Amino acid sequence: MDDLHAPLRDNVRLLGQLLGTTVNRDLGPEFFEKLELIRKTSKAVRGGEASRQQLFDLLAELSDDELTPMSRAFSQFLNLANLAEEYHRVRRRRSLVVSKPDPHALDQVLEETLKAGIEPEQLAEKAAELQIELVLTAHPTEVNRRTFIQKYETMAQCLSELDRVHHLSAPGINLKERLQQLVSEAWYTSEIREQRPSPVDEAKWGFAVIENSLWKAVPRFLRNFDRELERISGQRLPINAAPIRFASWMGGDRDGNPFVTAKVTQEVLLLARWMAADLYLKDVGQLRHELSMSRASDELKGLVGDCSEPYRELLRQVRSRLQATRNWAKHCLDHGWVEPENAYVRDEELRESLMICDRSLRSCGMDEIADGCLRNTLRRLACFGLNLVRLDIRQNSERHAKVFEELVAHYELGDYQSWSETEKQQYLLTELQSKRPLFPLQWQPSTDVQEVLDTCQVIARQQPEALGSYVISMAGQPSDVLAVALLLKESGVNFPIRIAPLFETLADLNNAGPCINALLDIDWYRDYVNDHQEVMIGYSDSSKDAGALAATWGQYRAQEALTEVCNQHGVALTLFHGRGGTVGRGGGPSHTAILSQPPGSVDGSLRVTEQGEMIRFKFGMPDIAVRNLELYAGAVLEASLLPPAAPEPQWRQLMDSMAEEAHQLYRHVVREDPLFVPYFRQLTPEQELAKLPLGSRPAKRNAEGGVESLRAIPWIFAWTQTRLMLPAWLGSDEALSNALNSDRRAIMEEMIEQWPFFRAYIDMLEMVLAKTEPEIVEYYEQRLVSEEYLSLGENLRQRLVKARALIPQIKHCEMLLEDNETIRQSIDVRNPYIDPLHYLQAELLRRDRNCPNEVVEKALMVTMTGIATGMRNTG
């Protein structure tokens, strides 16, 4: 069989040669020779043909002026390798040459459900009911600037065209010259932002992903889904079906981000309206070009009169209203909010005009034309609506409690914060059912409280389709949810927006079931939710709080409890998974994660965050986006129709004991060892990370706080930079080892073979351990860590080495990732280029801490972005 990875290697080699040409021209042959010598030596070290000391010596010879360009060269190569790999995924998808059928492909999932005994009608019905919402989040760890992303997309197009021509032909030579230009453009462009992106910038970045990729991908995904469903079940998806929609936290997530204000949220909502209207105008222009026919239904003729081109006439009216919608959004952005005139307000208004065209075409025997561009636009409208994305609002429960603390004090009713949970609920429920206004006219709330009230006012001005959920972080009690419901009511919100408590610490996860049970016991609240409850499960903070194994098991048990509670109350449950790109933040392959959820917890409904660099990785190119949308749809269908069996009692007992042991081991180091915090701060670039202008959100909730106040993203990011990856394995290592080397070994092997949840956990742990490098960690220690903390470092490195050896023992294999050649090869290709960046970074950190200067600081930031690029899932 042909080597399916050969084209990838050819692309990597080509892009590397083009980068070398650019560097040689810019910095001269002497610098280029140093670069090549370092690259070849790094590769030789990995192959056992050179010593690390040889590499250290070469890097030590670099002058200050050479540090930044050398870091940039390796960083840019890693970006180009990523690009080649992403395009290769597209190439493989387009090719019919595959080694074996993909069991996760949508057509395979549909066929397997029928083989498992699901009736075709049941399959079609569940497919039509799917409600998956992918939430693009507001704190990206995406280190690439938008200008680079656009250049890489153009490079990918060139690679695609090169596949279709001979490389020595004139078109082939022209494409290589264009690639050389693009590589040079990237080289001469600074990869470091001059300043942090604002929340509005982040939202525009999210909109760009939709405009450049998802707008094309969604109709293609639905066309494929529709075709396969009809082939297998004999039924098509309803024309208004939207199995997957998109929401966003960009501009709505204000938890700990003082830059996300009510004004920013209003601006982002209007920008989304403007962008949606602009995209639909392009669609309608295409439809007016195509629907030139004169034959039409009486319904259409009755609307446009007797004209020769009835479709174009109706679409002219649609175009006029879309232009009015776009103009209204622009006016509001420039001059402040006004009520819309002649603009589209509800999705249904635009849908009805398009459906008149659809019904007319079908009634006149032109079904194939109706199934073309018109159906694409209708599919987009079902998915994106007139608001492009549904904006979630997220705020901390403490900020809501502060409103009632000041309000209760104003009315001289006591101290709200000191009331019992029962007293709070009684007060809130009384006010929720009262007809008199709650907020006094003469009340002067604090600035923070006024900001909460202003946000609720912005919500009140929106149509329901513009908004997703109101997420309450650090929610722990029913009163946290009732407080938001009351604030929304008093602000004039006249539709039942979903209120989703976010349970994120281990203690909150353990209390999630009882909390929701208490809420659903309240008659008023039960009426409010209308038999549908959404709950968000936090992965980031629970992992940072308790360690990965304890958090993972806590999340599983919370989902089980919530599923049982909602079933008892006869309420549909949507679980909202706050996953990141890393194992330490609940990351990993989406389909694997979905299929490992507790039975019954995925019943056709799912929300999940897509964060940072994973947004571009999964959805940055239309072909890859189609593939990932199909993976989501297939996994949710499979988990809904063929859920896994409940875990056996002995599996549950072993998980309980391992999770508790891992939790104690993790906290013993992270929270109880006095050496840990100074070791962490000296080893990693945690402090320096604040200089890197990644997202709009501050790295810490409390600028004066310690590790406990550090956000989960920079916590993971810092450990990834040094290749210790500690949050993903600490505690799990010894707990798993102790179980494996006891009389519980047989039970653990049973769990791996028969329990998707445990298998998924071990696979994700294996992936992250494969990216660890104990020798690189040791070098950071030698250069940066004081002698009194080295004993802790040595202990952690020894534990890491044992953890890396543990997974092959558990899985009965010879090496890490033995059964995943693709990821193993991806890591192997990048390592020789990441290694010099690590060694440079350690030296630069030492210099920056002892004698900081602008040259060192810039080079240091370049190493951070380069390592993040090479490691892919950084936060």
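Two strands pair if DSSP finds at least two bridges between them, and the strands and helices named on this tour are themselves DSSP runs, numbered from the N terminus (H or I and at least four residues for a helix, E and at least two for a strand). The model is predicted, with local features needing pLDDT of at least 70 and side-chain atom pairs counting only at pLDDT 80 or more, while totals for chains, interfaces and linings use all residues. Residues are numbered from 1 along each chain as its sequence is written, and side-chain values use heavy atoms, with hydrogens and water left out.

**Strands β3, β4 and β5**

Select residues 390–396, which make up strand β3, together with β4; the two run parallel and are joined by five bridges. Within this pairing, Leu-391 stands opposite Leu-467 of β4. Strand β4 itself spans residues 467–473, and seven of its seven residues are buried (under 20% relative accessible area, with over 50% counted as exposed and the range in between as partly exposed, using a 1.4 Å probe and protein chains only).

Next add residues 498–503, strand β5, which runs parallel to β4 and is joined to it by four bridges. Here Ile-472 is the residue opposite Pro-501 in β5. Following the chain from β4 to β5 takes you through helix α17 (residues 478–490), and this β-α-β crossover is right-handed, meaning that, with the strands pointing away from the viewer, the path from the first strand over the helix to the second runs clockwise.

**Salt bridges**

A search of the whole structure finds 67 salt bridges, each defined as a side-chain nitrogen of Lys or Arg within 4 Å of a carboxyl oxygen of Asp or Glu.

Select Arg-52 and Glu-775, whose closest N and O atoms are 2.7 Å apart in a salt bridge. Arg-52 belongs to helix α2 (residues 52–60) and Glu-775 to helix α32 (residues 774–784), so this pair ties together parts that are 723 residues apart in sequence. Glu-775 is partly exposed, at 46% relative accessibility.

Move on to Arg-326 and Asp-278, which form a salt bridge at 2.7 Å from N to O. This pair links helix α11 (residues 310–335), which holds Arg-326, with helix α9 (residues 262–290), which holds Asp-278, across 48 residues. Arg-326 is partly exposed at 23% relative accessibility, whereas Asp-278 is buried at 12%.

Finally, display Asp-226, Arg-236, Asp-358, Arg-362, Asp-367, Asp-371, Arg-375 and Arg-379, which are linked in a network of salt bridges.
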